[in-house]
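Hi,

Here is the structure I promised to pass on. Have a look at it first, and then read on for what turned up.

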Amino acid sequence: MVEFDYADEPDMKTKGTGWAVGPYFVTKTPDQPFYLEGRLLYGQSRNTVTPLGTYSDTFVTDRLLAQLRTTGSFTTGRTKWLPLVDFTYSQDKQRGYTDSLGNKITGQTFDVMQLSTGIDVETPSQLSIGELIAKGGASYVYSGSSGTVSEPSFERGRGQVRLGFVYRPDLNTTFQLDTQHDGIGSDHEANSIRLTLLKRF
């Protein structure tokens, strides 16, 4: 698996681009609709910070992401319900650098643990060419972190909602769009969108 990302945090006056690569797996129990998936990714990010609005500095971080997710499945009519539990651990190690004013900025490590539980729902529709699946979901998320002076806005509990679709024009091709709003009931707010193309050879 390979991932690329771009982040822009105006409150922290920071922008960055990054990548991560590593193995992932998906497996299913033989007799029950119970799925287990996981991934272990390593990568780096290159970031620009403008602390005073007059100059910019660049620093690099090394990153690690480990995720384990379990999902069940049951169907009512054409609709499939997918209860889930997801555990994620991520780590960013900022390398030390010297800023434009000659100050030495020491390296630091930031760890985040996140546990979420919720349910997703999928409803398929047959098209003249292929299949379209409308999907959505909601989760309760608990997060904990270390390596920061103050508690991040996403710390502790919050709600999440998801919407998206999957389009399969044939058995070997999948287009997928996922959107997410995170931070319900907390001071944290984050929105994301992901577009995925899967091609089986």
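About 13,000 Å² of accessible surface belongs to the protein, and carbon and sulfur atoms account for 59% of that area. Please keep in mind that this is a predicted model. As for burial, 29% of the 201 residues count as buried.

The charged side chains are next: 20 are positive and 23 are negative, with 5 Å between the centres of the two sets.

On to the fold. There are 14 strands and 0 helices, so to speak in shorthand, the order along the sequence reads β-β-β-β-β-β-β-β-β-β-β-β-β-β. If you want to frame a figure, the C-alpha atoms fill a box of roughly 65 × 35 × 30 Å along the principal axes.

How do the strands in the middle of my notes pair up? S5, which covers residues 57–71, pairs with S4, residues 35–49, in the antiparallel sense over 15 bridges. One register point to click on is Gln 44, whose bridge partner in S5 is Asp 62. S5 also pairs with S7, residues 79–94, again in the antiparallel sense, over 11 bridges. There, Ala 66 has Tyr 89 of S7 as its bridge partner. Strand S5 thus has pairings with both S4 and S7.

One last number concerns contacts along the chain: taking those between residues at least 6 apart in sequence, 46% join residues at least 24 apart.

Enjoy looking through it, and write back with any thoughts.

Best wishes

Methods:
Residues are numbered from 1 along each chain as its sequence is written. This is a predicted model: local features need pLDDT of at least 70, side-chain atom pairs count only at pLDDT 80 or more; totals for chains, interfaces and linings use all residues. Side-chain values use heavy atoms; hydrogens and water are left out. Two strands pair if DSSP finds at least two bridges between them. Helices (H or I, at least four residues) and strands (E, at least two) are DSSP runs, numbered from the N terminus. Buried means under 20% relative accessible area, exposed over 50%, partly exposed in between (1.4 Å probe, protein chains only). Contact means heavy atoms within 4.5 Å. Accessible areas come from the Shrake-Rupley method with a 1.4 Å probe; for residues, only the protein chains shown count as cover. Lys and Arg count as positive and Asp and Glu as negative; His and the chain ends are not counted. The place of a charge is taken as NZ of Lys, CZ of Arg, CG of Asp or CD of Glu.
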